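Welcome! Here are some exercises to work through with the model open beside you. Try each task before reading its solution.

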Amino acid sequence: MTARIVMLHGAVILALFLLQFVASDYAVLTITRIMVLAIYALGYNILFGYAGLLSLGHAMFFATGLYAAALGVTRLGLAVPEAFVFALVCGIIVSVVIGLVALRATGVAFMIVTLMFSQAAFLAVLYFGDITRGDEGIVIKDDQRNFSLFGDAVNLADPVLRYNIALAFLALAIVLCLVVVRSKIGHVLVAIRENENRTAMLGYDVKRYKLIAFVLSGSFAAFSGAAYALLFAYAGSTLASIQYSINPLLWTLLGGAATVLGPVLGTALMFLLVDFASGFTSASLLFVGVVLILLVLFFPKGILGTIRQRWLRWLP
Amino acid sequence: MTVLLETRGLSKNFGGLKAVSDVNFRIERGEVRAVIGPNGAGKTTFVSLISGRIAPSAGTILFEGADVTALPAFRRVQRGIAYTFQITSIYANLSVAENVALAAHQPGGKASLYPLERVGLADRASQIAGTLAYGHQRLLEVAMGLALKPKLLILDEPTQGLSDAEIDNFITLVREVAKNATVLLIEHNMPLVMELAHRITVLDRGMILADGTPEDIRANAAVQAAYLGTG
Amino acid sequence: MAGRRPGHPFSSRTASLLAFFPHLLLAILEGTVAAAVLALSALGLSLVFGVMRVVNVAHGEFFMLGAMLAWWIAKMVPGGPAIGFVAALVVAPLAVGALAFITERLLLRRINYDPEATIVATIGLMFVIQQLALSMFGADAKAVSAPFTYRIALPWFGFSGYKLFVVVASILILLGVWWVLAKTKWGLVMRVTQFDRETATAFGIPVTQVYSAVFVAGAALVAVAAVLIVPIQQAHYLMGLDPLLMSFIVVIIGGLGSIKGSVIAAVIIGLSDGIISMFFSPTLASIIATLAVALVLVFRPQGLFGVPAR
Ligand SMILES: Nc1ncnc2c1ncn2[C@@H]1O[C@H](COP(=O)(O)OP(=O)(O)OP(=O)(O)O)[C@@H](O)[C@H]1O
Ligand SMILES: [Mg+2]
């Protein structure tokens, strides 16, 4: 990995670390949320940006992590770290199973298949309302969230601690993402996106690579969902809805698909925009809609994608 | 010489159309074999069956003595069957070098530029492949086939759209490749076929019409009628 | 989805089979209505996908707009529900069609009908329309009265005459569209365009105009569907998602672009949905239907009744 790539990503992580010392309490909370959700977008981008597969159903993986973690703590009596691992394992299993089925479809059919699976999962959350508490959601009590790690008591209600946990997770996700996209896998995924037939006729097992991308991406989503549930002590059905499948697509498109930092930037920007817009209008959906349309019409490569095309060819 | 590839009773139907019909075919190691035939004779379909891009309706395919009929295309490529598309199929948005690196299974890394040198594109390695002239894209397609280091290189009308000078280079190239690989060449350019091929197989309406040395084929009346006479 | 509880079951202590019958009858009746609603709302999507090969995610919002307009017109037009209904049947498709016209010009045409970009762009449009409807009409659900209130008296329960009217109207509209596609010159033009854009251009067919007309017709059809359906549902700014997903379900199971397949699928799904909803739960019915779609798409991409692509 070249030095400037390491420096750029290191600088972003360092800047986020320093931000906590100047940000207001409210901003610390918002940035924590952005960082957790940016992990979701980073994973989405592996599938959408690099492999070129547009899923409209990633909320099902996010929700898998979310509910597995929340139910693990509240119902199964797991400690927080155990619940986290449990949620990740569930996320991996669900993405392998769904991936094996959904990847048999291509193009528009793939989008609708993922949408439908995700909708079925969302309806299942409502159907099993006794367990999931439907719209109202599961609230994790503070005493269920306290745990000890290596002998130290950890209190997840502490906003600064939460911020730094989220940052550590995000940093881990960025590094993983960088490693993946710069590895052979990442290049083959791009090749599949650019010309699937040709890639198969060069002797690559296209199905296997697509499944790898799908599972990586689903696992990132579950990772983000689990972190969300445990850090914010909440799991509700809106987080499993179609809106949450479209969010990572929007964030990735805005920041720049197939750039590592694009989804992070896109998530942050969209939060800022919606926050800013809510100052004078309650129409945040309108905002999301207009941004999507403008991106498709005028800015299909997103911010970092355009920057890479114009100026920084080396940007991963 | 030993048999590299053999098909037995190979057939492919598209609905009612018999695009390839009961073809028994053998190619020896080290051979340069041309497959000729009028448009729509089933040449592309035939080599697509061999490469595994499409599944046969009936018949078996043996490669190095092993039955590969049920293997997916990418496994056959891994075993040494390389296929270049009749309709150019390259990574138009990636650099020429990355195209070849992908073929050499070293994407993103420092793959050898030797295949590009062989087709005369080494000086364009950093260019985006989609911006190459059409003839150069065909050559890149061939270079990708070379980068796979195949045992059997299938070339589907590789000289379509090449200039005369490029065709001369191409003849030299195929001769060189044939030193350590077997070449299955589909061509409409008869002088080139006569010059390059050790043996020629003539396909017509999905069936083998004739099979023999260039001299045999030139002398064959049936072939004259079906194909050469009109060409 | 419409309420599917039996108004009042029955009070009979005879054999359980006999007691079961009215429930089943009601389920079948409601299922037939559901099937008509499904077929009608899916028709526009099927047409647009069939000819243009793009998926319009804002399809459900066109439906919602049609329903909202029906409510608004019923409120503005004096002279009772029947006159409002007729006025809405005229105005709503025109208004929604106009919006679709603008969408096609400013959005789809500019992205050259790219399938993926169209999905993303129409998702954006979906949000925009939802939000505008929310600001203009508010968040509460709006009831629209049916143009007539005749109830058919059955021995066990009464059944809304208007619901049966919807079934009949759907059948007529479906037949009408089928007739246009199969028997008229317009239908031929559409089928040629569907077959292959290049061929159509070669035959001198103005493909962009055909696209434009088809997109507008698809939107107008779904607006008509909405006007018909809104008296048995209610208008709400988020009501579009259900018909969208349901249309996907019907269109996919029936085979994308095949109207006959869509109708068969609508009947199967409408009836099974009615029965499962009646005896188990509407949510379970939806879960089964969505899973069915996903699996059909994966294992039989041409749909249950479609023919494989060339
Ligand atoms: N996927 C397909 N579906 C249906 N018919 C096909 C398909 N592919 C090829 N055919 C038909 O099969 C026949 C053989 O086609 P093929 O492409 O193999 O011919 P060819 O010998 O390569 O011709 P050319 O010299 O023009 O390249 C033709 O009639 C063609 O129309
Ligand atoms: Mg051919």
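One thing to know at the outset: this is a predicted model.

**Exercise 1. A loop in chain A**

Task: find the loop that holds Ala233(A), and decide whether Ala233(A) is buried or exposed.

Solution.
- Step 1. Look between helix H11 (206-232) and strand E4 (234-235) of chain A; Ala233(A) lies in the loop there.
- Step 2. Check the backbone: phi of Ala233(A) is near 60°, a positive value in a residue other than glycine.
- Step 3. The relative accessible area of Ala233(A) is 10%. Buried means under 20%, so Ala233(A) is buried.

**Exercise 2. Another alanine to place**

Task: say which two helices flank the loop of Ala258(A), and whether Ala258(A) counts as buried or exposed.

Solution.
- Step 1. The loop with Ala258(A) runs between helix H12 (242-255) and helix H13 (262-277) of chain A.
- Step 2. Ala258(A), a residue other than glycine, has a positive phi near 60°.
- Step 3. With a relative accessibility of 9%, Ala258(A) counts as buried.

**Exercise 3. Checking a helix**

Task: work out what span the 23 residues of helix H4 (residues 80-102) of chain A should have, and test it against the end C-alpha atoms.

Solution.
- Step 1. The expected span is 1.5 Å times one less than the number of residues.
- Step 2. For the 23 residues of H4(A), that gives 33 Å.
- Step 3. The end C-alpha atoms of H4(A) are 32 Å apart, which agrees with the expected span.
- Step 4. To see the buried residues of H4(A), pick out some of them, including Val80(A), Phe84(A), Cys90(A), Ile98(A) and Ala102(A).

**Exercise 4. A threonine inside a helix**

Task: find the backbone oxygen that the side chain of Thr114(A) reaches.

Solution.
- Step 1. Go to helix H5 (residues 107-127) of chain A, where Thr114(A) is found.
- Step 2. Thr114(A) counts as buried, at 0% relative accessibility.
- Step 3. From the side chain of Thr114(A), the backbone oxygen of Phe110(A) is reached at 2.9 Å.

**Exercise 5. Building a sheet**

Task: put the four strands of the open sheet in chain B in order, and name the strands at its edges.

Solution.
- Step 1. Begin with strand E1 (residues 3-14) of chain B, which pairs with E2(B) in the antiparallel sense over eight bridges. Across this pairing, Phe25(B) in E2(B) stands opposite Thr7(B).
- Step 2. Look at the hairpin of E1(B) and E2(B): two residues lie between the strands, and Gly15(B) takes a positive phi near 60°.
- Step 3. Now find strand E4 (residues 58-63) of chain B, which is joined to E1(B) by five bridges and runs antiparallel to it. Here Leu5(B) has Phe63(B) as its bridge partner, while Ser11(B) stands opposite Ala58(B).
- Step 4. The order of the open sheet is E2-E1-E4-E5 (chain B), with antiparallel pairing.
- Step 5. E2 and strand E5 (66-67) of chain B stand at the edges; each has a single partner strand, so one side of each is left without a neighbour in the sheet.

**Exercise 6. Around the ligand**

Task: describe the surroundings of ligand 1, beginning with the residues that come nearest.

Solution.
- Step 1. There are 14 residues around ligand 1, and Asn39(B), Gly40(B), Lys43(B), Thr44(B) and Thr45(B) come nearest.
- Step 2. Sort the shell by type: five residues are nonpolar, seven polar and two charged.
- Step 3. Look for contacts to oxygen atoms of ligand 1. An N or O atom in the side chain of Asn39(B) is 2.9 Å from one, a polar side-chain atom of Thr44(B) lies 2.7 Å from one, and for Glu157(B) the distance is 3.5 Å.
- Step 4. On its own, ligand 1 has 630 Å² of accessible area, and the protein covers 61% of this.
- Step 5. Strand E2 (17-28) and helix H1 (43-51) of chain B are the elements that give two or more residues to the shell. H1(B) gives the largest share, three residues.

**Exercise 7. Far in sequence**

Task: how many residues apart in sequence are Gln234(C) and Met64(C), and what is their C-alpha to C-alpha distance?

Solution.
- Step 1. Find Gln234(C) in the loop between helix H8 (207-229) and helix H9 (241-254) of chain C.
- Step 2. Gln234(C) counts as partly exposed, at 40% relative accessibility.
- Step 3. Gln234(C) and Met64(C) are 170 residues apart in sequence, and their C-alpha atoms are 10.0 Å apart in space.

Technical notes
Residues are numbered from 1 along each chain as its sequence is written. Chains are lettered from A and ligands numbered from 1 in the order in which they are written. This is a predicted model: local features need pLDDT of at least 70, side-chain atom pairs count only at pLDDT 80 or more; totals for chains, interfaces and linings use all residues. Side-chain values use heavy atoms; hydrogens and water are left out. A residue is near a molecule or strand if one of its heavy atoms lies within 4 Å of it. A polar contact is a pair of N or O atoms within 3.5 Å; within protein, one must be able to donate a hydrogen and the other to accept it, and residues adjacent in sequence count only if both atoms are side-chain atoms. Accessible areas come from the Shrake-Rupley method with a 1.4 Å probe; for residues, only the protein chains shown count as cover. Ala, Val, Leu, Ile, Met, Phe, Trp, Tyr, Cys and Pro count as nonpolar, Asp, Glu, Lys and Arg as charged, and the others, Gly among them, as polar. Two strands pair if DSSP finds at least two bridges between them. Buried means under 20% relative accessible area, exposed over 50%, partly exposed in between (1.4 Å probe, protein chains only).
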